[in-house]
Amino acid sequence: MKQSGLVAEPIIKARTRKRLAPSKVSGPLVFWGRFVAPLYLRIALRFRGIRIHNPEAIVRAIGDFQQKRTRLIIAFRHAYGDEAQLMFHVFENLVPRYARRMHSPLKRGSGMRPIHDYAVALWGDAVIRFILPRVGALPVYHSKYDAASLNSIRGVMRDGPNPLGLAPEGQISYHAETLPRIEQGTIRMGFWCARDLDKAGRPEHVRVLPLSVHYRYDPRDIGKIAGALSHIEALCGLEPTAGTDGPALENLLLRIDRAETRLLQLTESYYAETYGYQPPSAPENGADSPDARHERWMALLPFAIGVAERILGIEPESADTVQRMYRVRQAGWDRVYPESPVEGLAPLTAVLADRRTGEAWYAMRHMELVDVMGYHDPGYLNASDPSFDRIVETVLTLTDLAHRLMGGNITNRPNNIRKKAVLVPGGLIDLTDKLPDYRLHTKQTVQTLTEQLSAEFLNCIEVYRNGQA
């Protein structure tokens, strides 16, 4: 998607669907990637260090996998967007280094096979489409059954020489110190593998390793955060408020509240004037409190996704807003990149395909709003002493929101703040031990293990927040 000034240019021409090469790890590409990754993380993504809490737990989990005692799924939090690049460096470079220090060397090529949303190949560029399959990444659909994709994933879990890596949230969740909804896919896939191994008479246990990812942002970049707020204020037509233009944290908090309130007002007004939306009545007291804003966002988002569904002719089958968003995303991209080639169409057929594309692009603008704000919590900063990291996350999300309202998407999210990554592994979850329960009570067992995975992530977050990591 091209940028024209501040506003993204709409896609109004149907495009031939971009195809990924079959997923197969390229030894030469991974070899050179190990050398390039540290430089790329530092220069392009602004990383200034990576700390792994309790790396011995990761080394042991990988070692058991390589010794064919287990099959392993690495379930990593996906709160930021850079986790794929970070995980490549961690598992190709840092974990083997820790293993050597522990006198428990790992076999070369201990990296994981990551799962990614199929749409990355559509909104990503040619470089992304070249690299993804060659580092062993596997595409998956959130809202469509695709036998070939699922069989590939199942084969990697059962027989591949690398662990499988995936994000249990299903997509970027934008908050690292709180836990959003966790989807059941991680546990379901693990039980597929456990059943396959049991059927084949193989002794390996299937285990899930939770891995929580956190960024500690560099306070020296507080000026960039103040600048980002000035950018939002200018976009919203807000005049600077006397006495709050400095970079002090208390000034930033006041400006964040003011900017979010204005963004919410503008968004509500757009949906009210365009689609007849009726915002909830503001409470007499605390009309601009974080709780009140959260209530207003949560009322708006289902309405916004409903607008997209009506444009695309989708009947809402689920009360889950995120699942509805997945279906809108799927339908939208299927119109922008039809399965059938667009070259050689009759003139009228081509024009109508382009019209469908333009309508789909605009429908997906509502989806992009829901994507970023579905996880937003105004109360994230409602603490006696909010951390600088939470302030940064919130400002980046509000900047992202403003850009998406102007036609942007995740590719326009700012990423210019220096940071240090902190990784906290949780306790291993053994699915093979629970296979008898799974056979007797499938849904309940999947739900119970998904809750256990959530509990492990919450423990990891506590370790991080208490300064133990």
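This is a short walk through one structure, strand by strand and helix by helix.

Okay, hi everyone. Before anything else: what you have in front of you is a predicted model. Let me start in the middle of things, with strand 4.

Strand 4 covers residues 70–76. How many of its residues are buried? Seven of the seven, so the rest of the structure largely encloses strand 4. If you look at the side chains, Thr 70, Leu 72, Ile 74 and Phe 76 point one way, while Arg 71, Ile 73 and Ala 75 point the other way. Both sets are buried, and yes, that includes Arg 71.

So who sits beside strand 4? One partner is strand 8, residues 205–217, which runs parallel to strand 4 and is joined to it by seven bridges. To find that pairing on your screen, look for Ala 75, which stands opposite Pro 210 of strand 8. Another partner is strand 7, residues 164–166. Strand 7 also pairs with strand 4 in the parallel sense, over three bridges. Here the place to look is Ile 73, which faces Leu 164 of strand 7.

Now let's step along to strand 9, residues 419–425. Strand 9 is mostly covered, with six of its seven residues buried. Which way does strand 9 run against strand 8, parallel or antiparallel? Antiparallel, with seven bridges between them. Leu 211 and Pro 425 of strand 9 stand opposite each other there. Strand 9 pairs with strand 3 as well, and that pairing is parallel, over four bridges. In that one, Phe 47 has Lys 419 of strand 9 as its bridge partner.

Okay, helices. Helix 7 is a good one to follow, and it takes in residues 185–199. Let's take helix 6 against it, residues 147–159. The two pack at an angle of about 60°, and their axes are 9 Å apart. Helix 6 and helix 7 are therefore oblique to each other, and helix 6 passes helix 7 in a right-handed crossing. What makes the contact? From helix 6 you have Leu 150, Ile 153, Arg 154, Met 157 and Arg 158. From helix 7 the list is Met 189, Gly 190, Trp 192, Cys 193, Arg 195, Asp 196 and Leu 197. Sorted by class, that contact has seven nonpolar residues, one polar and four charged.

Then there is helix 15, residues 442–465, again with helix 7. Their axes come within 9 Å and cross at roughly 120°. That makes helix 7 oblique to helix 15. This crossing is right-handed. On the helix 7 side, Thr 186, Ile 187, Arg 188 and Phe 191 take part, and they meet Thr 445, Val 446, Leu 449, Thr 450 and Leu 453 of helix 15. By class, the contact of helix 7 with helix 15 splits into five nonpolar, three polar and one charged.

Next, a couple of backbone oddities. Most residues other than glycine have a negative phi. Asn 54 is not a glycine, yet its phi is positive, about 50°. Asn 54 sits in the loop between strand 3 and helix 2, and it is partly exposed, at 32% relative accessible area. Tyr 174 also has a positive phi, about 70°, and is not a glycine either. Where is Tyr 174? In the loop between strand 7 and helix 7. Is Tyr 174 buried or exposed? At 2% relative accessibility, Tyr 174 counts as buried, because the cut-off for that is under 20%.

Tyr 174 leads us to Val 372, in helix 12, residues 347–373. Val 372 is buried, with a relative accessible area of 0%. Setting aside neighbours within four places in sequence, Val 372 is in contact with Tyr 174, Thr 397, Asp 400, Leu 401, Arg 404 and Arg 413. And to tie back to strand 4: Val 372 and Leu 72 are 300 residues apart in sequence, and their C-alpha atoms are 31 Å apart.

Last stop, Lys 68, in the loop between helix 2 and strand 4. Lys 68 is exposed, at 62% relative accessible area. Along the chain, Lys 68 and Met 157 are 89 residues apart, while their C-alpha atoms are separated by 12 Å. Met 157, remember, was one of the helix 6 residues touching helix 7.

That's my tour, thanks.

Terms used
Residues numbered from 1 in each chain as written. Predicted model: local features only at pLDDT ≥ 70, side-chain atom pairs only at ≥ 80, totals over all residues. Heavy atoms only, no water. Buried < 20%, exposed > 50% of the residue type's maximum accessible area, 1.4 Å probe, protein only. Pairing = 2+ DSSP bridges. Axes fitted to C-alpha atoms, helices over the stretch in contact; angles between N-to-C directions. Parallel < 35°, antiparallel > 145°, perpendicular 65-115°, else oblique. Left-handed = near helix turned anticlockwise from the far one by under 90°. Contact = heavy atoms within 4.5 Å. Nonpolar A, V, L, I, M, F, W, Y, C, P; charged D, E, K, R; others polar.
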